Amino acid sequence: MNKTVNPKDLTSDDDYGPLYAARKKVYPQSVSGAFRRIKWGLMAVCLGVYYFLPFVRWNRGFGAPNQAVLIDLPNSRFYFFFIELWPQEVYYFTGLLIVAAVALFLMNSIGGRIWCGYLCPQTVWTDLFYAVERLIEGDRRERMKKDKSSDPMKLERISEIVLKHSIWLLIAWWTGGAWVLYFNDAPTLVKELVTFQAPMIAYIWIGILTATTYLLAGYMREQVCTYMCPWPRIQAALTDEWALNVTYRYDRGEKRTSVKKAAELRALGEQVGDCVDCYQCVAVCPTGIDIRNGPQMECIQCGLCIDACDNVMTKIGRPKRLIGYDNDINIQRRQEGKAPVYRIVRARTIVYSAIIVAIGGFMTYTLATRSLLDVNVLHDRNPIAVKLSDGSIRNAYTVRLLNKSGYDRVIAIDAHGPANATVHIIGVDSVTPDRPMIVIPRDSTSELRLLVTAPADDNPQKSIPVRFHVTDIGLGEVASATDNFVSP
Amino acid sequence: MTDHSEVDAVTGKSTTGHEWDGIKELNTPLPRWWVISFYLTIIWSIAYWIVYPAWPLIQSNTTGVFGYSSRADVAVELANLEKIRGDKMVALGAASLADIEKAPALLALARAKGKTVFGDNCVPCHGSGGAGAKGYPNLNDDEWLWGGTLDQIMQTIQYGVRSGHAKTHEGQMLAFGKDGVLKSDEIVTVANYVRSLAGLPTRNGFDAAKGEKIFAENCAACHGDGGKGNQELGAPNLTDKIWLYGSDEASLIETIGQGRAGVMPAWEGRLDPATIKAMAVYVHSLGGGK
């Protein structure tokens, strides 16, 4: 017989033992209560937004996509309601990511891992998959019994398993399907998908996301949070003694005794804890931990144990919130007989909020005031300057004009710097000698070859700064770029 | 073989019987799925050898059972490319030179095509931006020995200069010194006279009247009475600021004494007509075109 050592028998001095522990399957029990209701609500909102946002329409005029949120990769455009971003404006995403990261820090410093417990896609989809499982296979005890049962597979059991996985796959498939809708016109793509006309890449992505959703939410579950996600490690560095965390108030709960014994002891006037060791908080935990062991890395702080404990406390007629959102300081204060204090406004939260406001404000400002007409100029390198037969000097430039607006523009280009300079665009007959006009189609870029010619006698310096003004003839909008006019 | 059924006390697993420095190796076989995957890859590779061209033989190689070859793939891709480009190049070939410059799409195509072809064929002499060098004309400026209109540029590209082609541009600067037509002092005088035509400073005490006379007798036939040049003969304008071989006295003396006859190859036959057209448009759009 194999002699095995129970890890519990080892003292902390024993530094041997298995480094790998096989996963113990978690069977979270259903629970009802305030936090469960919040979670259902947020799940509905998150999934609702994710699944239906691509179908929201937004009128951008003729020829432009009328989908409110669209990542148009072939044309390198990103549409978000009234905002249209070009590839050269991806720094807005950088700003958005910074704001998102700091918002996560802020949430963490106020209420712990709110993100993990309520909003993280892994939590939301796992919660949904658990709900399906519970509906089909029953609650915790039934599922445990069914998994342990050594009876030969009965038709009823097989149909249950098939039904569960079918619904899981259906949800996973819909998740993948919704993802691709963000990259193409949703109604058109749905039609194409159904009639097998859609591009192969769409099916591939649906396949990938179906597989990951099914595996991560159906099988990996809490292991994603514990082993794959870096956030549990990071958040430990962000939390402080004021941050609210799901906490077992051991000062009130200990010593644990049964309901009956507690009543007897109380009758004798003795101090006993409120915890009756019913294990409800453990049973409902989706990561399978015992919150009474104190703050743990595995805890995603979803608050379901609070609901479970509150239900029990109500039944046995003890005050609620033996488990609740609390901070380290209050546990100590209560033990010292002082009133608890909650402080949301602290240096940390002020700084985080200020960063969010500053970056968000700056981004909003730049987004609101950004120009829809832009010009980039590149000086020809070879030859850098050309001497013409009459002795005047000509420089050539590659000019890229960006018309980000939804209408064609008639623009005029002129150059300021060299004296008596004339401007010519290749392929354009200039009406005026120094200010050629050209049409740039809406929502596009035009690359032009621009020649600036100036008499050498009027411009004796070797290099003169030259400023190009691009003027929208209709609206008067101006964009500028600076380069140099060089003599050979 | 010794008995390996020893069981590790801590993990409860059997050991392999190997022991080093008191450390015993647990018997932890590879996972079944891993081993199966490994065997599958071996089976896959054997199938791959059979299905696709793989084994080098002495003369050739195994060709596989499906007749696949990467060369055939390339041929298909090239055919596709031809198909994609075909219409556009046909349109380019059909359009007149003037029309190409008026149509933005054709102009863009001609410039893009012309630029790559220029890079492959013209850069060694004319430089990557067509800036030229001594003896090799700058294609960005407005001095054209054989004319700078679209048609003239295309003609020059097509037939070349002194290229041996039947329709090539002929004409050359005679070697007045080498051939004994002019004496050294006459060459110096006429060189200074030519500099005066271009408004350049001349040597002290040079005889302008004598220079004018020599020029009229020897040079004006090609370069014109005022030295304005003649594009029919490829004779450069001597009154402007652009000099293919340099405008200093020494260079002029060398030019007059030794003569000049640069060669540009004819591209007809080497490049197809649409490509030559694209190149003409590209060169014209460099900025020097008339």
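Trainee: How many helices and strands are there in chain B?
Mentor: Keep in mind that this is a predicted model. Read along the sequence, chain B follows the pattern β-β-α-α-α-α-α-α-α-α-α-α-α. The count for chain B is 11 helices and 2 strands.

Trainee: How many helices and strands are there in chain A?
Mentor: Chain A has 488 residues. Its elements comprise 16 helices and 14 strands.

Trainee: What radius of gyration does chain B have, set against a compact globule of 290 residues?
Mentor: Look at the extent of the chain. The C-alpha trace of chain B spans about 120 × 55 × 45 Å along its principal axes. A compact globule of 290 residues would have a radius of gyration near 19 Å, but chain B has 37 Å.

Trainee: And what radius of gyration does chain A have, set against a compact globule of 488 residues?
Mentor: Take the extent again. Along its principal axes, the C-alpha trace of chain A spans about 115 × 60 × 50 Å. For 488 residues, a compact globule would come out near 23 Å, but the radius of gyration of chain A is 33 Å.

Trainee: What percentage of the residues of chain A count as buried?
Mentor: Buried means under 20% relative accessible area. In chain B, 33% of the 290 residues meet that cut-off. For the 488 residues of chain A, the share is 44%.

Trainee: In chain B, what share of the contacts with a separation of 6 or more is between residues 24 or more positions apart?
Mentor: Chain A can be read in this way too. There, 68% of contacts between residues at least 6 apart join residues at least 24 apart. In chain B, the share is 57%.

Trainee: How much of the exposed area of chain B do carbon and sulfur atoms supply?
Mentor: Chain A exposes about 26600 Å², and carbon and sulfur supply 63% of that area. Chain B exposes about 17400 Å². Of this, the carbon and sulfur share is 58%.

Trainee: How far apart are the mean positions of the positive and negative charges of chain A?
Mentor: Chain B carries 26 positive and 32 negative charges, with mean positions 4 Å apart. Chain A carries 55 positive and 48 negative charges. Their mean positions are separated by 8 Å.

Trainee: Which residue forms a salt bridge with A:Asp127?
Mentor: A search of the whole structure finds 42 salt bridges over all chains. In this one, the closest N and O atoms are 2.6 Å apart. The partner of A:Asp127 is A:Arg36.

Trainee: Why does the pair of A:Asp127 and A:Arg36 tie together parts that are apart in sequence?
Mentor: A:Asp127 is buried at 9% relative accessible area. A:Arg36 is buried as well, at 5%. A:Asp127 lies in helix H4 (residues 121–137) and A:Arg36 in helix H1 (residues 34–52) of chain A, so the parts tied together are 91 residues apart in sequence.

Trainee: Is A:Arg348 buried or partly exposed?
Mentor: A:Arg348 meets A:Asp240 in a salt bridge of 3.0 Å, N to O. The pair links distant parts of the chain, 108 residues apart, with A:Arg348 in helix H16 (residues 347–369) of chain A. A:Asp240 is buried at 15%. With a relative accessible area of 26%, A:Arg348 is partly exposed.

Trainee: How many residues apart are A:Arg256 and A:Asp277?
Mentor: These two form a salt bridge, with the closest N and O atoms 3.8 Å apart. A:Arg256 lies in the loop between helix H11 (250–253) and helix H12 (259–267), and A:Asp277 in the loop between H12 and helix H13 (280–284) of chain A. In sequence, their separation is 21 residues.

Trainee: What relative accessible area does A:Asp277 have?
Mentor: Its partner A:Arg256 counts as partly exposed, at 28%. A:Asp277 is partly exposed too, and its value is 32%.

Trainee: What distance separates the C-alpha atoms of A:Lys338 and A:Ile355?
Mentor: A:Lys338 lies in the loop between helix H15 (328–335) and H16 of chain A. A:Lys338 is partly exposed, with a relative accessible area of 42%. A:Ile355 is 17 residues away along the chain. The C-alpha separation is 34 Å.

Key:
Residues are numbered from 1 along each chain as its sequence is written. Chains are lettered from A and ligands numbered from 1 in the order in which they are written. This is a predicted model: local features need pLDDT of at least 70, side-chain atom pairs count only at pLDDT 80 or more; totals for chains, interfaces and linings use all residues. Side-chain values use heavy atoms; hydrogens and water are left out. Helices (H or I, at least four residues) and strands (E, at least two) are DSSP runs, numbered from the N terminus. The radius of gyration is taken over C-alpha atoms; the globule rule is 2.2 Å times the number of residues to the power 0.38. Buried means under 20% relative accessible area, exposed over 50%, partly exposed in between (1.4 Å probe, protein chains only). Contact means heavy atoms within 4.5 Å. Accessible areas come from the Shrake-Rupley method with a 1.4 Å probe; for residues, only the protein chains shown count as cover. Lys and Arg count as positive and Asp and Glu as negative; His and the chain ends are not counted. The place of a charge is taken as NZ of Lys, CZ of Arg, CG of Asp or CD of Glu. A salt bridge is a side-chain nitrogen of Lys or Arg within 4 Å of a carboxyl oxygen of Asp or Glu.
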